Amino acid sequence: RQQLRSVLMSIAVGDWAAARTALLAWSAAGERNSSAVVAIAKWLLPAHAGSLKDDVYAIYEQVCVAAIDCDETELYKQCFAALQKRFPNSARVRLLEGMRLEANKEYARAKELYEAIQKDDESNAPSRKRIVALLAAQGLYEDAIAALNDYLQTFMADAEAWQELLELYLQVNDLESAASCLEELVLANPHNFWYYLKLGEVHYTIGRGDNYKLARSYFAHALTLNPDNARAKYGLMLASGRIPQGKDTVALCRASLAAAYADGQSASAVAARATLQ
């Protein structure tokens, strides 16, 4: 928010270079900030496009995505036309048009465009991922899962795709498959406490067999990475309560959570104290 205020002040004094730097920084960080991007672009591009030099094309692409998000049709058309003129046969530019079609719920045309891109280049990963996205947007979760599993046969190291597959499996309540996705994510990033937390929650929800023991182990590991996380402590308490030898752990977690919420006045703190009683 502070950065956005700074950018708006730069616009007020006509500092186009600061606006360019902010746009490129957001793009590099993967932050869409669509409303802000649209507002900046409407001021920056008409007056200073020539000053942006080669950066202008990256900004045109960024603004196209933001314009789709914000339903700014004319701004999208202007930026897309400039990109299409400069890169007439670019798959990356064609993908933007597919995204626009998706936003307009023209799923069949979007899928046809993505398939045409794949026909030209079978290794084009973004077009395959867009097909997954449009299938999920239509509620065709099983088809989206099949398409994403096929994609991961080729792009096995794509952590973002494993994350999306996890969400799709959770959507259809396939918890065993969701756990497998989380295990892949742990291999990709073994220091991300959220993956262990989620594994604990998934195994606790499955419940049968050794899943409570697995849940307890994952919650405990999450706490080694993030010792103050209340959600992991609560999970560890619940999972330990399902195991005969877990009574001491239950007592420790309950005491720790009670101390953490002892003085809180928020609704969540009051609810937590009631739950722990």
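This passage describes the helices, the main pocket, the aromatic pairs and a few individual residues of a predicted model.

The protein contains 16 helices and 0 strands. Of its 277 residues, 39% are buried. The surface that the protein exposes amounts to about 15,400 Å², and 51% of this area is supplied by carbon and sulfur atoms. Contacts were also considered by their separation along the chain. Among those between residues at least 6 apart in sequence, 44% join residues at least 24 apart.

The largest pocket holds about 1,000 Å³ of space. Its lining consists of 32 residues, and those nearest the centre of the pocket are R32, V65, M99, R130 and E160. Several helices contribute to this lining. At least two residues each come from α2 (16-29), α3 (34-48), α4 (55-70), α6 (91-103), α8 (125-137) and α10 (159-171). When the lining residues are sorted by class, 18 are nonpolar, 4 are polar and 10 are charged.

Aromatic side chains form a further set of features, with 7 aromatic pairs in the structure. One of these pairs joins Y57 and F87 in an edge-to-face arrangement, with 5.4 Å from centre to centre and 80° between the planes. Helix α4 holds Y57, whereas F87 belongs to the loop between α5 (73-86) and α6, so this pair ties together parts of the protein that are 30 residues apart in sequence. Y57 has a relative accessible area of 25% and is therefore partly exposed, as this value falls between the limits of 20% and 50%. F87 is likewise partly exposed, at 31% relative accessibility. A second edge-to-face pair is formed by Y204 and Y212, whose ring centres are 5.3 Å apart and whose planes make an angle of 65°. The two residues of this pair fall on either side of the 20% limit for burial: Y204, at 22% relative accessibility, counts as partly exposed, while Y212, at 18%, is buried. Beyond single pairs, Y57 and F87 belong to a cluster with Y60, linked by ring pairs.

Two residues stand out by their backbone angles. In general, most residues other than glycine have a negative phi. K53 is not a glycine, yet its phi is positive, at about 55°. This residue is located in the loop between α3 and α4. With a relative accessibility of 67%, K53 counts as exposed, because the value is over 50%. D71, which is also not a glycine, has a positive phi of about 60°. The position of D71 is in the loop between α4 and α5, and its relative accessibility of 62% places it in the exposed class.

A buried residue, T249, was examined as well. T249 is part of helix α15, which spans residues 247-261. Its relative accessibility is 17%, and T249 therefore counts as buried, since the value lies under 20%. When neighbours within four places in sequence are left aside, the residues in contact with T249 are R216, L236 and S240.

Notes: Residues are numbered from 1 along each chain as its sequence is written. This is a predicted model: local features need pLDDT of at least 70, side-chain atom pairs count only at pLDDT 80 or more; totals for chains, interfaces and linings use all residues. Side-chain values use heavy atoms; hydrogens and water are left out. Helices (H or I, at least four residues) and strands (E, at least two) are DSSP runs, numbered from the N terminus. Buried means under 20% relative accessible area, exposed over 50%, partly exposed in between (1.4 Å probe, protein chains only). Contact means heavy atoms within 4.5 Å. Accessible areas come from the Shrake-Rupley method with a 1.4 Å probe; for residues, only the protein chains shown count as cover. On a 1 Å grid over the protein atoms alone, a cavity is a set of points where a 1.4 Å probe fits but cannot get out, and a pocket is an open set with protein on both sides within 12 Å along at least five of seven lines; lining residues have an atom within 4 Å of a point. Grid points are joined across faces, edges and corners, and a volume is the space filled by probe spheres set on the points. Ala, Val, Leu, Ile, Met, Phe, Trp, Tyr, Cys and Pro count as nonpolar, Asp, Glu, Lys and Arg as charged, and the others, Gly among them, as polar. Rings of Phe, Tyr and Trp (its six-membered ring) pair if their centres lie within 6.5 Å; planes under 30 degrees apart count as stacked, over 60 as edge-to-face and the rest as tilted.
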